[in-house]
Amino acid sequence: LTITLYDLAGAEEDRRFSPYCWRTRLALAHKDLAVDAVPWHFTDKDAIAFSGQGRVPVIVDDGEVVFDSWTIADYLDATYPDRPVLASPAERALAKFVSAWTDTVVQGGIARLIMADVWALLREKDQVYFRESREARFGTTLEAFCAGRDEKIAAFRQSLAPLRLTLKDQPYLGGISPNYADYIVFGAFQWARCTSKAQLLAEDDPVFAWRRRLLDAFDGLAGKALGYKV
Ligand SMILES: N[C@@H](CCC(=O)N[C@@H](CS)C(=O)NCC(=O)O)C(=O)O
C-alpha cells in the first residue's frame, strides 16, 4: 500500500522544499516504503484540515493520519519494525538533541540566509501569507532579516563545527550508515538547496561530502529533486 505524504511545494509543483517534509521523505525511503508525495502549499489549509492542524508533513497510511515529522518517524518504526530501523531507543534519545540543535542553530542560521529566496519561489497568494506570517514572527521584513548574507555565511559555517568534527571521523551521524539523526540535519540543507543559490558549505568541508552522500542515497532521491547545484 502506498503512503500519501502532503509535501510543501512552491509555485512549481515539483519544488519540494520543506526541511520537515524532507526528514519524512528520507525516513520513508530508509524504510523502503512507497510514497505518493502530494504537493501542498501554505494556504491549502483545507486540504489537510482532516489532520486537525495546519502544517506539513502529514501522512495517511491505510487510513491512519499522522502529522509532525518526529511523530511520523516514531510511527514508522513502531508500525514497520521489520524494515530498516530509523533509530533504536538510544539513538532516538540522542536524535532528540540533534533535532533541537537543528531546529535552533542550523535552521535558525539558514533562515537568515534564505527566507527571502523562499518567498520568491511561492505562488502569489502563498507569498502574501508567508510574508505576513514570517515578518510578524521575525519582527522585521524578509529582506532585512536576510541582509548581509556574505558576512553571515562565515558565521553560519562556524556554527557547524560540532557536525564537522563528527563527520571528519565517520561517514554519518549514525556511524557507518545513516539513521534518523542524519535525515534531521540533512533536511535543513535540502531546504536551502531547493530554494537558494547561497553557497552554504565550502567544497572541502566534511559536511559537504556528507551532504553529497545523502544527496546520492536512495537512487539520488534528494539529489534529483528540483533545486540548485550548490
Ligand atoms: N514540528 C513540525 C514542524 C512542521 C512545520 O513547521 N511545517 C511547515 C513547513 S516547513 C508548515 O507546514 N508551515 C505551515 C505554515 O507556516 O502555515 C514537524 O516536525 O513536522
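Which residue in S3 does leucine 5 stand opposite? In this predicted model, leucine 5 stands opposite isoleucine 59 in S3, and the legends below begin with the strands to which this pair leads.

**View 1. Strand S1 pairs with strand S3 in the antiparallel sense.** The pairing joins S1, residues 3-8, to S3, residues 58-61, over 3 bridges. Leucine 5 and isoleucine 59 of S3 are the opposed residues in this view. In a regular strand the side chains alternate between the two faces of the sheet.

**View 2. Strands S3 and S4 form a hairpin.** S3 also pairs in the antiparallel sense with S4, which comprises residues 64-67, and this pairing runs over 4 bridges. Valine 58 has phenylalanine 67 in S4 as its bridge partner. Between the two strands of the hairpin there are 2 residues, and aspartate 62 takes a positive phi near 50 degrees there.

**View 3. Two loops hold backbone features of note: a cis peptide bond and a positive phi.** The bond that leads from valine 56 to proline 57 is cis, with omega near 10 degrees, and proline 57 belongs to the loop that connects strand S2 (35-40) with S3. In the loop between H1 and S2, aspartate 32 has a positive phi of about 55 degrees, although this residue is not a glycine. Most residues other than glycine have a negative phi, and most peptide bonds are trans.

**View 4. The ligand sits in the largest pocket.** Helix H1 (19-30) and helix H4 (124-138) are the elements that give two or more residues to the shell around the ligand. The ligand is surrounded by 14 residues, of which the closest are Lys45, Val56, Asp68, Ser69 and Tyr129. Sorted by class, this shell consists of 7 nonpolar, 3 polar and 4 charged residues.

**View 5. Valine 56, aspartate 68 and serine 69 place N or O atoms beside polar atoms of the ligand.** Valine 56, whose peptide bond to proline 57 is cis, has a backbone N or O atom 2.8 Å from a nitrogen atom of the ligand. For aspartate 68, an N or O atom in the side chain is 2.9 Å from a ligand nitrogen atom, whereas serine 69 has a polar side-chain atom that lies 2.6 Å from an oxygen atom of the ligand. Of the 520 Å² of accessible area that the ligand has on its own, the protein covers 84%.

Technical notes. Residues are numbered from 1 along each chain as its sequence is written. This is a predicted model: local features need pLDDT of at least 70, side-chain atom pairs count only at pLDDT 80 or more; totals for chains, interfaces and linings use all residues. Side-chain values use heavy atoms; hydrogens and water are left out. A residue is near a molecule or strand if one of its heavy atoms lies within 4 Å of it. A polar contact is a pair of N or O atoms within 3.5 Å; within protein, one must be able to donate a hydrogen and the other to accept it, and residues adjacent in sequence count only if both atoms are side-chain atoms. Accessible areas come from the Shrake-Rupley method with a 1.4 Å probe; for residues, only the protein chains shown count as cover. On a 1 Å grid over the protein atoms alone, a cavity is a set of points where a 1.4 Å probe fits but cannot get out, and a pocket is an open set with protein on both sides within 12 Å along at least five of seven lines; lining residues have an atom within 4 Å of a point. A molecule sits in a cavity or pocket if more than half of its atoms lie within 2 Å of its grid points. Ala, Val, Leu, Ile, Met, Phe, Trp, Tyr, Cys and Pro count as nonpolar, Asp, Glu, Lys and Arg as charged, and the others, Gly among them, as polar. Two strands pair if DSSP finds at least two bridges between them.
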